[in-house]
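This short report is meant to be read with the sequence and the 3D view side by side. Please look at the whole fold before turning to its parts.

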Amino acid sequence: MTATAAVPKIALRRAVAGDARAAADVLLRSRAVALPTVAWPKSDDEVRDYFRDVVVPHRETWVAEASDGGGIVGVMVLDGDKVSQLYLHPEWRGHGIGDLFVALAKERSPGGLSLWTFQVNKPAHRFYERHGFVAVEHTDGSGNEEREPDVRYAWRPNQG
């Protein structure tokens, strides 16, 4: 019989100023692993500065923190009824953290949600569709700073 390590408990909480760098680093690590073909217009330091100066102090930013001292392993940013960012540290994918974030987003915006993801991010498509989101718009990417074709998803409470 093979023993398996227990997965640490995860706590979702609002981000505070001291979380900005760790939250930005989750995004950076996640993007590097999940989307290696996407050209990013901002340097890592610019992303960290943006999280420190704009995202954490001025957006509804949530973090997932591992109880085992593993620190911040996920970040979600809400902008009204939009999920503007949802990233998990690659080693923490598949542990239900994304499910917790989506449930929280639906609770915070019970009338519906929307979000954008890149067309090349097929795992994200499957994840959001599993949570009742429906693709409602596809673009050529001319409207985003990465110039990467994307897709807008929407969730309404009566659709799942």
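The text below describes a predicted model, beginning with its sheet and ending with its largest pocket.

In this model, 7 strands form an open sheet, and their order across the sheet is 1-2-3-4-5-7-6, with mixed pairing. Strand 1 (10–14) and strand 6 (134–138) stand at the edges with a single partner strand each, so one side of each has no neighbour in the sheet. From one strand to the next, the twist averages 30°.

Within the sheet, strand 3 and strand 4 are paired in the antiparallel sense over 6 bridges, and Leu78 has Val83 in strand 4 as its bridge partner. Helix 3 lies across strand 1, strand 2 (60–66), strand 3, strand 4, strand 5 and strand 7, and it runs at about 30° to strand 3.

Which residues lie nearest the centre of the largest pocket? They are Ser84, Gln85, Leu86, Tyr87 and Trp116, which belong to a lining of 46 residues, while the space in this pocket is about 1300 Å³. Several elements give two or more residues to the lining, including helix 1 (20–34), helix 2 (44–58), strand 3 (71–79), strand 4 (82–88) and helix 3 (97–108). Strand 4 gives the most, with 7 residues.

The table sorts the lining of the largest pocket by class.

| Class | Lining of the largest pocket |
|---|---|
| nonpolar | 22 residues |
| polar | 11 residues |
| charged | 13 residues |

Strand 4 is thus a useful place to look again: strand 4 pairs with strand 3, and strand 4 also gives the most residues to the lining of the largest pocket.

Note on methods:
Residues are numbered from 1 along each chain as its sequence is written. This is a predicted model: local features need pLDDT of at least 70, side-chain atom pairs count only at pLDDT 80 or more; totals for chains, interfaces and linings use all residues. Side-chain values use heavy atoms; hydrogens and water are left out. On a 1 Å grid over the protein atoms alone, a cavity is a set of points where a 1.4 Å probe fits but cannot get out, and a pocket is an open set with protein on both sides within 12 Å along at least five of seven lines; lining residues have an atom within 4 Å of a point. Grid points are joined across faces, edges and corners, and a volume is the space filled by probe spheres set on the points. Helices (H or I, at least four residues) and strands (E, at least two) are DSSP runs, numbered from the N terminus. Ala, Val, Leu, Ile, Met, Phe, Trp, Tyr, Cys and Pro count as nonpolar, Asp, Glu, Lys and Arg as charged, and the others, Gly among them, as polar. Two strands pair if DSSP finds at least two bridges between them. Axes are lines fitted to C-alpha atoms, for helices over the stretch in contact, and angles run from 0 to 180 degrees between N-to-C directions. Contact means heavy atoms within 4.5 Å.
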